[in-house]
Amino acid sequence: MGADYLKQKHILLVDDEPALLALVTSVLEQEGYPFIRTAATAAEALSAARASAPDLAILDVMLPDGNGFDLLVKLRVFTDCPVLFLTARGEEEDRFRGFGLGADDYMVKPFSPRELLYRVAAILRRTYRDEDPFVELSGCRIDLTRAEVIRSGERIPLTAKEYELLSVLSRNSGRIVTIDALCEAVWGDNPYGYENSLMAHIRRIREKIEQDPSHPVSLVTVKGLGYKLIPAKSGQNAS
Amino acid sequence: MKDILRLTRRFAGIMTLSFCLLFAVNILLLSVIVSRQNSNGGPWTIAEETAAAILPLPDGGGFALTPEAEAALQNCGAWAVLIDETTLRTVWQTEDLPPSVPAVYSASSIAGLTRGYIDGYPTFTASCGFGLMVLGFPRESYWKHMWPSWDYQFIAHVPQIFLLFAISNAVVIFLIYLTANYRLLRSIRPIAAGIQTLPAGRPVHIAERGLLSGLAASLNRTSELLKNQQYELRRKETARANWIAGVSHDIRTPLSMVMGHAEQLKEDSILPPAQQKKAAVILRESERIRDLVSNLNLASKLEYNMQPACLKPENVTAIVRQAAADFINADIEEKYPVEWIGAQPAFAYTVMADRELLSRAVMNLFHNCKNHNEDGCTIYVSVEAAGGATDTNSFCRIHGTGSDSLCRIRIEDDGAGLSDEELERLRTASRPIASDSDESGQPHGLGLLLVRQIAEVSGGTVEMDHSNHGGFSVSIMLPLLRVPFSPDADNTPQE
């Protein structure tokens, strides 16, 4: 689900419900995240974060000695680590408050552990992309820091728009990104009417990353909806 | 105000009718009286008859009346004289002639008696071959109009004058009515306004004075009562919605545990497949509880207006595509493939909608397909303008139709579907319902009700039908805000 170096990140998990802490810890550990610390109160969380700054914090909003929003403000004093709220409070104003304080994601209970893992992976990938900027695909790898595709030892430069598209797709690799989301990422706030232009850019990207652009395996079309970047399975890269 | 006008109009109508009736009755009465008056022939007629009945005696020595005429004169107590035309002297008279009646006349005295009286006796004349017959009736038997002359113009304008009289009378009577009823109307007006305000749910307070102060007081009490009832109802609704929100909140953490552990067990390869299957059932049912609680919470908030919708122009196509992508991304087992069957490239249909609510409604429809088809099904999605202009890629043609005022979001499947009876029940349901079951044994209801509520928030509707693909089809119809924006179709290379 994610690159190995991301699995080495330290995750701080804060929730007042011990059973939930145990569950999430177990889910993350099974996925291969060995460095999990848990805290049941805001004070414990602060103390743990001060002792060793986490790479990602998963916070509950309702804590016995305060709330997750205040905790985030206090954490921000000494760390910029990404934060995911995992809470039973699903009201719009709560979510807006969370995002307003700089949270990277907001999940409402009850949640699917699989979805949590996807979101954790996405946040880590987004935040720590520079540590390993390569996106491994079947038949090539993409170097996002240099905006290049490396195929059979050859470096093929990406245009600005191709780079934007691949960035969005790689952040959501394995998931469908809608045509609208891609157009918005490339053409901004008024992305209507660029669907055919998007198709043209996708075709050019395929010419760079696919062995047979007419039968794509890494950048596939989901008819009418969008596109999906399929990451290479381990050892599959042919670059 | 309208009612008061209607009241006044009604009065004017009644008044007009009364006038007509009164006029008719009066004419009738007058006719009866006059006919009775004329029943005995009238004095002028008697005079004519008497003049005709005088005959010269054969011996040339005077005149005599026929016995019938004489009897008629005696009957009405009248006397008569016959005046010679040349000598102006009385040449014949009845026996009962009063002594004050002269025997010789001048031209002026004849003009006077023709117009009026002789010594108080009303006299009536008639000419005959022998002179002028003059009849005198008892003093109090007739009143004579002695100077019957009219201005010619007056007679010529009699119809207009009568009309003027009638109108003046009507106006005078209406003014009398208005004056007399002014206070009553003044009292009725605020009460009428108050009664008209009540159904709008606004409080009413009317000054309790005037003719109808009692009625005003009752209306004030009614308004107060309604206000209290509304407050109580609102309080109960808020309490109910808060309670549902509370339950919805409190159930989330325990449900997280159930779902989390169930998912882990389901994927635990150490467990035998039978156990994994049980875990999968627990997970699936937990997800259903999650959706149910979440739908219930949102439905109650929408029903009690506790979640004001934030309506903005939104691109429906983008919302539906995102919901479809999210649904596919979460469908790990790929049991529910989604096929986009709308136009490609798709049009951006703009409607006024709350993005989050509409997204929720579409997602509910996807989950509906999933929940009622456990063995998997293909879900077909389309976004199109209602009115059949969807199969064109031309902006101009779409723009040119001018008849597409709706946007149709259609989610359908090739799954189990519904029977005609169940479909009818769903279509007519206005409240959350739990239909007995569909073919997969799962109740339809709250999820679809929520979809309908959300559609209504945007001024839209929901249509349900059998799908051409074999399963169930639901369409959300939303009013189109403006004509679709076409993709940059023709000058860029197609994929």
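Here is a quick walk through a predicted two-chain model, from whole chains down to one set of strands. Residues count from 1 along each chain as its sequence is written, and chains are lettered from A in the order in which they are written. Local features need pLDDT of at least 70, side-chain atom pairs count only at pLDDT 80 or more, and totals for chains, interfaces and linings use all residues, while side-chain values use heavy atoms, with hydrogens and water left out.

Start with chain A, which has 9 helices and 14 strands; these are DSSP runs, numbered from the N terminus, with at least four residues for a helix (H or I) and at least two for a strand (E). Of its 239 residues, 53% are buried, meaning under 20% relative accessible area with a 1.4 Å probe, protein chains only.

Chain B comes with 14 helices and 14 strands. Here 39% of the 495 residues are buried.

Now zoom in on strand E6 of chain B, residues 121-128. Since 7 of its 8 residues are buried, E6(B) is largely enclosed by the rest of the structure. Strand E5(B), residues 117-118, runs antiparallel to E6(B) and is joined to it by 2 bridges (pairing takes at least two DSSP bridges). Ile118(B) sits opposite Tyr121(B) of E6(B). The E5(B)–E6(B) hairpin has 2 residues between the strands, and Asp119(B) takes a positive phi near 55° there.

Moving on, E6(B) also runs antiparallel to E7(B), residues 131-136, with 6 bridges joining them. A hairpin makes that connection through 2 residues, and Ala126(B) stands opposite Met133(B) in E7(B).

Terms used: Buried < 20%, exposed > 50% of the residue type's maximum accessible area, 1.4 Å probe, protein only.
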